[in-house]
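Me: I would like to go through this model with you, one part at a time. Could we begin once it is on screen?

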Amino acid sequence: METAYISTPLGTAKLEGNLDGITAITLSDKTPTEVEKVPDSLKPAAAQLKEYFLGRRTEFDLKLNPQGTDFQKKVWEALLDIPFGKTVSYLDLSKTLGDVKAIRAVASANGKNPLWIVVPCHRVIGSDGSLTGYAGGLHRKKWLLEHENPVKQQSLF
């Protein structure tokens, strides 16, 4: 497994993976003591994340290899269908997966998503539009949704 660190507006992203795909992208407020050179297998992920934060990328084209249960992988796969700049509720996601009663399991799998931003768990919100639950912190979820919002609301006052 190879590792790389990149700086983002929301903290330091740790990328993990190899030629079989990206297994994890996590975020930390801490700056690593040793910033490594980005291995060839992680260069596409590092470049695409930088483009995303510069506003030049709305979709990722990466080989993914997240580790989880079959159900978690099914939820993470469904997250990939949420378009840039859009949100869905946990209930909507449960319906998409075919079981409205699985809402808590869907929410749990969403919270265990190992591929920050690339698998857009930040695009899932409460049925009432609230920014419920986000492993990276609600302030980051809000920032990401505002970053992806194609229409910027101007203040009237």
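Reply: What follows covers the sheet, a helix pair and one serine.

Reply: This is a predicted model, in which local features need pLDDT of at least 70 and side-chain atom pairs count only at pLDDT 80 or more, while totals for chains, interfaces and linings use all residues. Residues are numbered from 1 along each chain as its sequence is written, and side-chain values use heavy atoms, with hydrogens and water left out.

Me: What is the strand order in the open sheet of three strands?

Reply: The order is β1-β2-β3, with antiparallel pairing. Strands (E, at least two residues) and helices (H or I, at least four) are DSSP runs, numbered from the N terminus. Two strands pair if DSSP finds at least two bridges between them.

Me: How many bridges join β1 to β2?

Reply: Seven bridges join β1 (residues 2–8) to β2 (residues 11–18). Thr3 stands opposite Glu16 of β2, and Thr8 stands opposite Gly11. These two strands form a hairpin with two residues between them.

Me: And which residue of β3 does Glu16 stand opposite?

Reply: Glu16 stands opposite Ala24. β2 and β3 (residues 21–28) pair over seven bridges, and they too form a hairpin with two residues between them.

Me: Which strands stand at the edges?

Reply: β1 and β3 do; each has a single partner strand, so one side of each has no neighbour in the sheet. Neighbouring strands are turned by 20° against each other on average, direction ignored. Helix α1 (residues 43–53) packs on this sheet and touches β1, β2 and β3, where contact means heavy atoms within 4.5 Å. The direction of α1 makes about 15° with that of β1.

Me: Turning to the helices, at what angle do α2 and α4 pack?

Reply: α2 (residues 70–79) and α4 (residues 103–111) pack at about 80°, with their axes 9 Å apart. Axes are lines fitted to C-alpha atoms, for helices over the stretch in contact, and angles run from 0 to 180 degrees between N-to-C directions. The two helices are therefore roughly perpendicular, a term for angles of 65 to 115 degrees.

Me: Which residues of α2 make that contact?

Reply: They are Phe71, Gln72, Val75, Trp76 and Leu79, which meet Ala105, Val106, Ala109 and Asn110 of α4.

Me: Lastly, is Ser89 buried or exposed?

Reply: Ser89 is buried (under 20% relative accessible area, 1.4 Å probe, protein chains only), with a value of 7%. Ser89 is found in strand β4 (residues 88–89). Not counting residues up to four places away in sequence, Ser89 touches Val124, Ile125, Gly126 and Ser127.

Methods. Buried means under 20% relative accessible area, exposed over 50%, partly exposed in between (1.4 Å probe, protein chains only). Angles under 35 degrees count as roughly parallel, over 145 as roughly antiparallel, 65 to 115 as roughly perpendicular and the rest as oblique.
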